[in-house]
Amino acid sequence: GLFVNALFAMASMAAGPAAIARPAPVCRRTRTSTRGQHPHRQLCRSGATRDDITAPAGFVPPEPQKFTVAEGQLGNVLSAAVPLVLRLGTGALINGWKPTLAPDDGEGYSLFRVAGKKLAEGSDLGPRPAQPIEVFEYEGSPYCRKVREAAAVLDLDVLYRPCPSGEKYYRPMAKAEGAATFPYMKDPNTGAAMTESDDIVEYLFRKYGPVANGRGAVDEMGAAELGVPMMLQRGGITNLTCYAAAVARLKGLKARPSRAAAAAAAGTPVTPLDLWTYESSPFTKAVRESLTELAIPHVVHYCPRGSTKRDELLARTGTFQVPYLEDPNTGVKMFESAAMVEYLEGTYALASK
């Protein structure tokens with residue numbers, strides 16, 4: 001199952017660009033799609049933009065370009081794919097992922113359609129939380145990666161509060177609540193709060209995995225009984241590969257000056273951004289690194305293979321491709337990972353003093 005997981009992780013990269021060079025993204029006016037548009041989901045904030053946070057002058061998001069990599073970004077994408085390989089694609093497939101051929105009704109997302117049939121993808125999940133799980137963490141941590149992968153496998157929405165070294169708002173907030181290490185998780189649906197990545201992973205499977213559907217005394221179950229994938233269970237192989245994945249990049253570790261940090265210090269934190277992706281996507285890695293280093297809070301709407309959120313994103317935008325970013329502080333909505341990094345740096349980064 002692990003090798004199948006890794007193979008389909010590679011296949012799901014087709015949801016984002018593939019390794020074909022194209023010119024670097026420029027500011028282009030996009031066509032507006034009206035196909036399947038619907039109001040924002042509850043987790044997506046659509047309030048007023050801020051006057052103190054503005055996109056770079058003249059910035060217009062590029063149109064989505066499937067099966068491509070921006071010019072000069074191939075090396076970056078390949079290095080970001082190393083963790084995907086080391087972790088055997090964990091986080092690319094939903095828990096209990098089961099592909100079948102079904103009659104093509106022309107509705108929703110499907111990897112392929114042929115001869116009146118489409119690929120339908122099933123899952124095995126527990127109850128869905130009403131509110132996003134809240135996690136204080138940073139991209140470059142091997143322990144935080146385990147929690148992110150578990151959240152992706154369980155198809156959860158997670159509000160991330162970046163806590164890289166030197167960050168001066170969310171780190172003190174977590175420590176004031178008793179967190180001595182990161183990741184630190186808070187579940188507003190149950191009131192639970194904890195550190196220790198292995199405990200968090202097992203908690204998430206206990207509450208939101210299939211065992212939560214009334215299948216016995218879950219509080220007494222170990223990781224295997226809870227259905228935690230082998231690559232997320234306690235032990236050497238998980239820690240070793242998570243460390244190796246972190247060393248492959250060594251980014252997302254240290255905070256940089258940003259408008260988001262300045263706004264938080266002034267008592268008016270920015271509204272969290274919304275990011276649609278799956279954890280093992282190499283195209284999302286650089287985006288998450290910038291979000292972390294610039295201490296920008298964001299909700300990740302995980303949409304691994306088999307997630308119904310793929311249908312939702314298709315209805316929302318008229319296409320499915322990850323990563324997809326919405327910034328309620330500026331009103332910008334965009335595809336294309338290289339352009340996202342350019343946008344985040346131009347909008348939020350401040351020069352070091």
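Which strand is Leu101 found in? Select residues 98–103 and you have it: this is strand S3, and Leu101 sits in it. Keep in mind as you click around that the model is predicted.

Stay on Leu101 for a moment. With a relative accessible area of 58%, Leu101 counts as exposed, because the cut-off for that word is over 50%. Now add Leu111, Phe112 and Val114 to your selection: together with Leu101 they make a nonpolar patch on the surface, and the four share about 360 Å² of accessible area.

Next stop, the sheet. Colour the strands and look for an open sheet of 8, running in the order S9-S8-S6-S7-S11-S10-S12-S13, with mixed pairing. Its edges are strand S9 (192–194) and strand S13 (332–334), each of which pairs on one side only. On average, neighbouring strands here are turned by 15 degrees against each other, ignoring direction.

Zoom in on one pair. Select residues 273–277 for strand S10 and residues 298–302 for strand S11; the two run parallel and are joined by 5 bridges. To see one partnership, pick Asp274, whose bridge partner in S11 is Val299.

Now for the helices on this sheet. Show residues 197–208, helix H5, which packs on the sheet and touches strand S6 (133–137), strand S8 (184–187) and S9. The direction of H5 makes about 20 degrees with that of S8.

Last, select residues 309–317. This is helix H10, lying across strand S7 (157–162), S10, S11 and strand S12 (324–327). Line H10 up with S12 in your view, and the angle to look for is about 60 degrees.

Key:
Residues numbered from 1 in each chain as written. Predicted model: local features only at pLDDT ≥ 70, side-chain atom pairs only at ≥ 80, totals over all residues. Heavy atoms only, no water. Patch = residues over 30% accessible without salt bridge, like charges linked within 9 Å, V, L, I, M, F, W, Y side chains within 5 Å. Areas by Shrake-Rupley, 256 points an atom, 1.4 Å probe, with all protein chains shown as cover. Salt bridge = Lys/Arg side-chain N within 4 Å of Asp/Glu carboxyl O. Helix = DSSP H or I, 4+ residues; strand = E, 2+ residues; numbered from the N terminus. Buried < 20%, exposed > 50% of the residue type's maximum accessible area, 1.4 Å probe, protein only. Pairing = 2+ DSSP bridges. Axes fitted to C-alpha atoms, helices over the stretch in contact; angles between N-to-C directions. Contact = heavy atoms within 4.5 Å.
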